[in-house]
Amino acid sequence: MTPPQQFSALKGVQDIFPPDVHLWQKVESLSREVFSLYGFEEIRLPIIEPTGLFVRSIGETSDIVEKEMYTFPDKAGRSITLRPEGTAPVVRAYIEHHLYNLPSPQKFFYSGPMFRYERPQKGRFRQFYQIGVEAFGAVSPLLDAELLSMLKILLERLGMKDLNFEINSVGCGNCRPAYRTALRDFFSAKLGSLCPDCQRRYEANPLRILDCKVDRCIELRAGAPFITDFLCSECKDHFEKVLSALRRLNIPYTLNPNMVRGLDYYTRTAFEVTSEHLGSQKAVAAGGRYDRLVEEFGGPPTPGMGFALGMERLTELLRETGEIVGPFPDVYIAPLGERAIMEGFLMAERLRARGFLVESGYDGSSLRSQLRKANRITARFVIILGEDELSSGRAKWKNLGDGSQGDVEIRKVEEFLASASPGKPR
Ligand code: ATP
Ligand code: MG
C-alpha cells in the first residue's frame, strides 16, 4: 500500500465551513433580498476570461494588472486569467448578449470568487469572494445616491455600525488631462524618490501614484493637487447633485479627494465604505461609475455604475458583533433500544416532510449522551422514545430552552411541535 499523503490548502486561500458558513449564507441571502427591492437580478459568469479583458479595463499600470493576476496559457496557448474582479466580465456579457437592447437601466448582481496574487494577510486573500452590483444606462446622479443607499441599508440590516462612506469624483476624459499635468508638475521634483513602479506610472498614468501602497510614496504625495479642483463643469455639477441627494437621504459621507481607486475604468463618482474595526485592510466595499467602459469594449455609449463587497471582511465584522446564526434543530429525537430507533427514524422523516429541522440518534447511545448532544447542537425540543413510550403510545418531551417537560401522544408529535413553534411548519 502506498503511504498516506496529507495535503494543505494553497497559501492565501480559505476553506469556509460551519459555523462560519452560516454568516456567509446570511450575507448572501440578505443581499439578494435587498438588491431585489431595487430591481437587481442575478447574473452568473465564468471564472476564467481572456486576459485582455482585464488588461484593457482595469489598466496596464494598475496593481492588479501589473502584479496580481493569475494568468496562464491554456492548452491551445490562449492567455487566460482567473477573474480578479467582476465589473469587466459583467460589461463583457452585457455587450456580448446585446443586453443594452432591453429597457434601461439594466441592473445585475453577482457573487463568487475572485483571484489576486497578493501577499496573504488579515483581510487579504488570493481567492476571495465578492458580492457586487452593476447598473447600466442611467447617468442620473440619483442612481449614484440610490446605490449608496442600497449598500447602506444592506450593511445596516446586517447589523453593522461605525461605517464610513468615503466619496470622491475622479472626473472624466475632459477633466483628467489637466489634472494629470498638474500631478506630473507636482511629482517632477520628487520623481527620483518614488518607487520604481511609480516612476513608470509618472509617465503612463500619474493618477496611479495616488493609489500606491509604498510608505515613501504615501509620504511624498502629501500636498498633491486634488482632482476635485480640476473637474469640468458637467462633472462638478454631477458630483454636487450626488452629494445633495445623499444629504436628502441622511447618508453621512466623508469627502476624500485623494481616493482615485485602483482601477482605471472609473469616471466621476468613486467611493469606499470603511470600518475602523477592520485594521489596516479597512475597505469593506468599494465602487464607482464607469461611464466609458461599455463604449470602450465596442458597445453603444452606456453609462454604468457598481460596487463590490468583500465577503471575508464583511463576515469578519459580523463575527465581531458576536451574533450566533442558526440553523438550530427544532427537535432532537432520542430513541432508546432497537425498536425505538426505527420508530424515531420514521418520526424524523415525517417531521422533516412537515418542514421541521430534525436531528435524531440512531447509534443506540445512552439517554445521557443523547441529551448532551441535543444541548450541544442547541436543539429546541428533545423527544424521548423508549420501550415504555412505545408501549404506552406517549413520548416524553423536553424543552431545552426553558426546561419544561411533559408527554405527548406519539402520533400527535407533529401537532404538538407545530403549536409550540410559531411559524412552523414552514
Ligand atoms: P484594497 O485597497 O483593500 O486592496 P481594492 O481597491 O483592491 O481594495 P476592489 O478591487 O475595489 O478593492 O474590491 C472591492 C472589495 O473587495 C474591497 O473593498 C475588499 O473588501 C475586497 N477585496 C479586494 N481585494 C481583496 C483581497 N485580496 N482579499 C479579500 N478581500 C479583498
Ligand atoms: Mg487591492
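These legends walk through several close-up views of one predicted model.

Because the model is predicted, local features need pLDDT of at least 70 and side-chain atom pairs count only at pLDDT 80 or more, while totals for chains, interfaces and linings use all residues. Residues are numbered from 1 along each chain as its sequence is written, chains are lettered from A and ligands numbered from 1 in the order in which they are written, and side-chain values use heavy atoms, with hydrogens and water left out.

**View 1. Helix α4, largely enclosed by the rest of the structure.**
Helix α4 covers residues 87–96, and 9 of its 10 residues are buried. (Buried means under 20% relative accessible area, exposed over 50%, and partly exposed in between, using a 1.4 Å probe and protein chains only; helices are DSSP runs of H or I with at least four residues, strands are runs of E with at least two, and both are numbered from the N terminus.) The buried ones are Thr87, Ala88, Pro89, Val90, Val91, Arg92, Ala93, Tyr94 and Ile95. What do they pack against? The partners are β2 (48–50), α2 (51–58), β5 (106–115), β6 (127–136) and α10 (293–296), with contact meaning heavy atoms within 4.5 Å.

**View 2. The loop between α4 and β5, home of His98.**
Just after α4 you'll meet His98. This residue has a positive phi of about 50°, even though it is not a glycine. His98 is partly exposed, with a relative accessible area of 42%. Pro105 sits in the loop between α4 and β5 too, and the peptide bond leading to it from Ser104 is cis, with omega near 0°.

**View 3. Ligand 1 and its shell of 15 residues.**
Among these residues, Arg116, Glu118, Phe125, Arg261 and Ala283 come nearest; to be counted, a residue needs a heavy atom within 4 Å of the ligand. Which elements give two or more residues to the shell? They are β6, β10 (283–289) and β11 (304–310), and β10 gives the most, with 4 residues. By type, the shell splits into 7 nonpolar, 3 polar and 5 charged residues. (Ala, Val, Leu, Ile, Met, Phe, Trp, Tyr, Cys and Pro count as nonpolar, Asp, Glu, Lys and Arg as charged, and the others, Gly among them, as polar.)

**View 4. Close-up on atoms of ligand 1 and Arg116.**
An oxygen atom of the ligand is 2.7 Å from an N or O atom in the Arg116 side chain. Over at Phe125, a polar backbone atom lies 2.9 Å from a ligand nitrogen. Gln130 joins in with a side-chain N or O atom 3.0 Å from an oxygen of ligand 1. On its own, ligand 1 has 590 Å² of accessible area, and the protein covers 91% of it (areas come from the Shrake-Rupley method with a 1.4 Å probe; for residues, only the protein chains shown count as cover).

**View 5. Cysteines without a disulfide.**
How many disulfides turn up in a search of the whole structure? The search finds 0, where a disulfide is a pair of cysteine sulfur atoms within 2.5 Å. For Cys172, the closest cysteine sulfur is in Cys235, 3.5 Å away and too far for a bond. Cys198 is in no disulfide either, with the sulfur of Cys212 3.6 Å away. Is Cys198 buried or exposed? Cys198 is buried, at a relative accessible area of 0%, and Cys172 is buried at 14%.

Key:
A polar contact is a pair of N or O atoms within 3.5 Å; within protein, one must be able to donate a hydrogen and the other to accept it, and residues adjacent in sequence count only if both atoms are side-chain atoms.
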